[in-house]
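Let's take a friendly walk through this fold, with the coordinates open beside the text. The headings below follow the sheets first and then the helix pairs.

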Amino acid sequence: MDNKEKNFTSENGDSSSKTTPQTASKDGSICGFDSLHRLLQACLSPPLFQEASRMLLGLNCGQALETITLPDPAAALASKHDFDLQAYYLRADKESLREPRIVRVGLIQNSISLPTTAPFSDQKRAIFEKLTPIIEAAGASGVNIICLQEAWMMPFAFCTREKRWCEFAEPFDGESTQFLQEFARKYNMVIVNPILERDIKHGETIWNTAVIIGNRGNIIGKHRKNHIPRVGDFNESTYYMEGNTGHPVFETVYGKIAVNICYGRHHPLNWLAFGLNGAEIVFNPSATVGELSEPMWPIEARNAAIANSYFVGSINRVGTEVFPNPFTSGDGKPEHAEFGHFYGSSHFSAPDASCTPSLSRFKDGLMISDLDLNLCRQLKDKWGFRMTARYELYADLLARYVKPDFEPQVISDPLLHKSA
């Protein structure tokens with residue numbers, strides 16, 4: 001195995017530092033490799049790598065995952081601007097009475113562009129400039145729907161508890177939405193735009209929101225984050241509280257989509273509700289660090305895709321964001337100025353338990369996948385989860401559980417508390 005030097009993302013998205021694979025892990029790589037998939041590919045013989053991939057990624061309709069060749073302009077943009085570009089096909093079985101329903105979907109992950117000490121207007125403008133070639137690559141690739149990462153238009157400053165970061169908040173139809181509307185019109189593309197929303201009509205309340213932009217540049221609707229973390233540094237209720245939009249599914253020209261924002265992925269009933277409302281693709285725009293959640297990252301979304309018979313697109317930002325003032329988490333640890341490394345690893349999961357490899361742990365990236373939405377119904381028919389779910393039992397339990405006088409259904413051994 002070659003021991004070549006590579007460029008790795010350092011603090012605040014700067015990729016100027018060089019290091020060897022032995023020391024690269026501190027910068028987000030895995031022993032110098034972008035991802036576990038690429039590490040295994042380099043270290044295993046082709047037959048062993050194929051078997052490892054089968055076990056880790058599953059088989060899509062009984063076949064190994066198929067890669068997609070993208071147009072040269074997209075590859076040129078990825079090379080020029082140094083972002084990871086991958087593309088795969090998640091197929092469905094051929095049907096007799098329905099034509100394939102193939103939708104090309106994209107996920108974008110990125111680091112911030114300027115230090116967090118830079119003027120806020122400069123930071124936002126620099127992120128817009130960084131995202132432009134990545135979105136252009138998606139457009140050149142014929143992507144129909146694309147989703148950006150959680151609060152993509154700013155540093156993930158919510159755990160500093162400093163209120164000045166609220167300046168990044170904007171109306172649902174504000175600057176970031178207007179920026180993306182131009183791409184939606186240009187490329188006939190539906191865009192999921194996760195922002196920090198300032199609700200002008202309700203006393204300038206702040207929400208963590210995803211705005212759904214239609215393929216004609218129109219605003220279809222919005223969804224607000226249902227579950228707010230209070231875990232370690234990620235105590236985001238300083239800025240916004242639980243959303244009030246329910247579990248909306250947005251019917252677009254390309255299919256029915258929903259958005260399960262970040263921490264909501266830890267709540268199975270949240271995933272379930274989007275499925276009950278008919279979602280075919282659920283996006284999970286996130287911001288999470290390795291020390292906190294990485295072992296869960298490849299499991300939760302994949303399980304949701306299986307259990308609810310829909311596709312899931314998981315997006316996580318990359319890089320280490322260093323803030324001007326140290327903060328603490330109330331957990332006894334010393335004060336610190338950053339949360340840890342946002343490990344990227346964006347990927348797609350399919351309802352048949354297959355999934356794509358992940359994007360890089362340390363580089364900006366665009367993941368593209370052709371999804372045949374027919375697979376959603378095919379897996380519902382195969383497993384019968386909707387038919388066998390016993391929702392009436394769960395509804396009765398939940399109705400009782402939310403009442404103050406709830407008593408768990410526990411049947412104790414009558415001899416348990418008797419003395420010998």
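## The annotated domain

UniProt positions are given here in the numbering used for this chain, feature names are shortened, and annotations may be inferred rather than shown by experiment. With that in mind, the UniProt record, an unreviewed entry, places the feature "domain: CN hydrolase" at residues 103–373. The model itself is predicted, so please read every value below as computed from that prediction.

Over residues 103–373, helix accounts for 22% of the chain and strand for 27%. The C-alpha atoms at the two ends of this stretch are 7 Å apart.

## The eight-strand sheet

Strands of a sheet pair through backbone hydrogen bonds, and the pairing can be parallel or antiparallel. One open sheet here has eight strands with mixed pairing, and its order is β3-β4-β19-β5-β6-β7-β8-β9. Which strands stand at its edges? They are β3 (66–67) and β9; each has a single partner strand, so one side of each is left without a neighbour in the sheet.

Inside that order, strand β5 (residues 102–109) and strand β19 (residues 365–372) run antiparallel and are joined by eight bridges. If you want a pair to click on, Gln109 has Gly365 in β19 as its bridge partner. Helix α4 packs on this sheet and touches β5, β6 (145–147) and β19, with its direction at about 25 degrees to that of β19.

## The β8–β9 hairpin

At the β9 edge of the sheet, strand β8 (residues 205–213) pairs with strand β9 (residues 219–224) in the antiparallel sense, over five bridges. Ala210 stands opposite His223 in β9. The two strands form a hairpin with five residues between them. For anyone checking backbone torsions, Gly217 in the turn has a positive phi of about 90 degrees.

## The five-strand sheet

A further open sheet, also with mixed pairing, has five strands in the order β12-β13-β14-β15-β18. Its edge strands are β12 (250–252) and β18 (347–349), each of which pairs on one side only. On average, and with direction ignored, neighbouring strands of this sheet are turned by 25 degrees against each other.

Strand β15 (residues 311–316) pairs with β18 in the antiparallel sense over three bridges. Here Ser314 has His347 in β18 as its bridge partner. Helix α6 (residues 268–276) packs on the sheet, where it touches β13 (255–259), β14 (281–286) and β15. The direction of α6 makes about 145 degrees with that of β14.

## Helices α1 and α2

How far apart are the axes of helix α1 (residues 36–43) and helix α2 (residues 46–57)? Those axes are 9 Å apart, and the helices pack at an angle of about 160 degrees. That angle makes α1 roughly antiparallel to α2, because angles over 145 degrees count as such. The crossing of α1 and α2 is right-handed.

In the contact, His37, Leu40 and Gln41 of α1 meet Phe49, Ser53, Leu56 and Leu57 of α2. By class, these residues divide into four nonpolar, three polar and no charged.

## Helices α3 and α4

Helix α3 (residues 72–81) and helix α4 (residues 120–140) have axes that come within 8 Å and cross at roughly 165 degrees. α3 is therefore roughly antiparallel to α4. The crossing of α3 past α4 is left-handed.

On the α3 side, Pro73, Ala74, Leu77 and His81 take part, and they meet Pro133, Glu136, Ala137 and Ala140 in α4. This contact has six nonpolar residues, one polar and one charged.

Terms used
Residues are numbered from 1 along each chain as its sequence is written. This is a predicted model: local features need pLDDT of at least 70, side-chain atom pairs count only at pLDDT 80 or more; totals for chains, interfaces and linings use all residues. Side-chain values use heavy atoms; hydrogens and water are left out. Two strands pair if DSSP finds at least two bridges between them. Helices (H or I, at least four residues) and strands (E, at least two) are DSSP runs, numbered from the N terminus. Axes are lines fitted to C-alpha atoms, for helices over the stretch in contact, and angles run from 0 to 180 degrees between N-to-C directions. Angles under 35 degrees count as roughly parallel, over 145 as roughly antiparallel, 65 to 115 as roughly perpendicular and the rest as oblique. A crossing is left-handed if the near helix is turned anticlockwise from the far one by less than a right angle, and right-handed if clockwise. Contact means heavy atoms within 4.5 Å. Ala, Val, Leu, Ile, Met, Phe, Trp, Tyr, Cys and Pro count as nonpolar, Asp, Glu, Lys and Arg as charged, and the others, Gly among them, as polar.
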